[in-house]
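Got the viewer open and a selection box ready? Let's walk through this one stop by stop, picking out side chains as we go.

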Amino acid sequence: MRLPSFPTLIRTFYALSNTTARFSNSLRALPQAPAPFTRGTVLKSMPTIPFLGSLFSSSAKDMTDYPVKKSDDEWRAVLNKEQFRILREKGTEAPYAGVYDKHTPTSGTYTCAACNAPLYRATHKFKSGCGWPAYFDSIPGAVTRHTDSTFGMQRTEILCSKCGGHLGHVFKGEGYPTPTDERHCVNSISLTFKDEEVAAESKV
């Protein structure tokens, strides 16, 4: 029997994860049932898929005080629907679909799509084959890390230090031949590329 290719498996997992997330969101919109069958009881009794959830979603509570502050309505006014879903609701774009996945410039700067803060240099980018843009390091101070314990697994979420926009997750010790042995797995939608070397911003 011929096994499906790795990209096909990734796309299948992504589709299943999005279906699970939409179903979970629809449950949250239902009126709360009387005790003992409360919404919390129902959700706790539902089976989870830790592997899929840990790959494709993030919902950790972030209490960091970021320099750029906007309400959801203000963010919706400056971001398109997909940017808002990923940057503000911590979503994930489909693998191998992002505009910067196979983008390999020799110079330039990747900035935050929400606030234009410089995040990564073109020289930080490397080919990982994971389906999302990969960087072995970031501009100093540009990226904030938080522990994401959703779905029963611990990962390190990365966010823009200026506005708190969700970028993706960082993984360490995977054996890539890079100076840091880290892979910043970033959504293309969270980024904008500029040809010039944009100066790093300080957090104010």
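How many salt bridges does a search of the whole structure find? The count is eight. Keep in mind along the way that this is a predicted model.

**Stop 1: some charged pairs**

Select Asp65 and Lys69. Their side chains meet in a salt bridge, with N to O at 3.1 Å. Colour by accessibility if you can: Asp65 comes out exposed at 63% relative accessibility, and Lys69 is exposed too, with a relative accessible area of 57%.

Next, go to helix H5, residues 81–88, and show Glu82 and Arg85. These two form a salt bridge whose closest N and O atoms are 2.8 Å apart. Look along the helix and the spacing makes sense: Glu82 and Arg85 are three residues apart in H5, so about one helical turn separates them. Glu82 counts as partly exposed at 31% relative accessibility, and Arg85 is partly exposed as well, with a relative accessible area of 23%.

Now pick Arg145 and Glu182. Here the side chains meet in a salt bridge at 2.8 Å, N to O. This pair links distant parts of the chain: Arg145 belongs to strand E5 (residues 143–148) and Glu182 to strand E8 (residues 182–186), 37 residues apart. Is Glu182 buried or exposed? Glu182 is buried, with a relative accessible area of 10%, while Arg145 is partly exposed at 41%. Add Lys172 to the selection, and you have a network of salt bridges linking Arg145, Lys172 and Glu182.

**Stop 2: a three-stranded sheet**

Switch to cartoon and find the open sheet of three strands, ordered E2-E1-E9 with antiparallel pairing. Which strands stand at the edges? They are E2 (118–121) and E9 (191–194); each has a single partner strand, so one side of each is left without a neighbour in the sheet. Turn the view to follow the twist, which averages 30 degrees from one strand to the next.

Zoom in on E1 (residues 109–112) beside E2: the two pair in the antiparallel sense over three bridges. Select Tyr110 and look across to E2, where its bridge partner is Tyr120. Leave both tyrosines displayed for the next stop.

**Stop 3: the aromatic cluster**

The structure has five aromatic pairs. Add Tyr135 to your two tyrosines and start with Tyr110 and Tyr135: this pair is edge-to-face, 5.2 Å centre to centre with 70 degrees between the planes. Tyr110 sits in strand E1 and Tyr135 in strand E4 (residues 134–135), so you are looking at a link between distant parts of the chain, 25 residues apart. Tyr110 is buried with a relative accessible area of 0%, and Tyr135 counts as buried at 0% as well.

How are the rings of Tyr120 and Tyr135 arranged, stacked or edge-to-face? They are stacked, at 4.3 Å centre to centre and 15 degrees between the planes. Tyr120 lies in strand E2 and Tyr135 in strand E4, so this pair ties together parts that are 15 residues apart in sequence. Tyr120 is buried, and so is Tyr135.

Then bring in Tyr100 and Phe193. Ring pairs link Tyr100, Tyr110, Tyr120, Tyr135 and Phe193 into a cluster.

**Stop 4: the nonpolar core**

Which residues have the most contacts inside the largest nonpolar core? Select Leu119, Tyr120 and Leu191: those are the ones, in a core of 26 residues. To see where the core draws its members from, colour H5, E1, E2, E6 (155–160), E7 (166–172) and E9, each of which supplies at least two residues.

**Stop 5: the cysteines**

Finish with Cys115, Cys160 and Cys163. How many disulfides does the structure hold? Zero. Cys115 is in no disulfide, and the nearest cysteine sulfur, that of Cys160, is 3.6 Å away. The cut-off for a disulfide is two cysteine sulfurs within 2.5 Å. Cys163 is in no disulfide either, its nearest cysteine sulfur being that of Cys115 at 3.7 Å. Check the accessibility colouring once more: Cys115 counts as buried at 12% relative accessibility, and Cys163 counts as buried at 1%.

Key: Residues are numbered from 1 along each chain as its sequence is written. This is a predicted model: local features need pLDDT of at least 70, side-chain atom pairs count only at pLDDT 80 or more; totals for chains, interfaces and linings use all residues. Side-chain values use heavy atoms; hydrogens and water are left out. Two strands pair if DSSP finds at least two bridges between them. Helices (H or I, at least four residues) and strands (E, at least two) are DSSP runs, numbered from the N terminus. Axes are lines fitted to C-alpha atoms, for helices over the stretch in contact, and angles run from 0 to 180 degrees between N-to-C directions. A nonpolar core is a set of buried Ala, Val, Leu, Ile, Met, Phe, Trp, Tyr and Cys residues joined through side-chain atoms within 4.5 Å. Buried means under 20% relative accessible area, exposed over 50%, partly exposed in between (1.4 Å probe, protein chains only). A salt bridge is a side-chain nitrogen of Lys or Arg within 4 Å of a carboxyl oxygen of Asp or Glu. Rings of Phe, Tyr and Trp (its six-membered ring) pair if their centres lie within 6.5 Å; planes under 30 degrees apart count as stacked, over 60 as edge-to-face and the rest as tilted.
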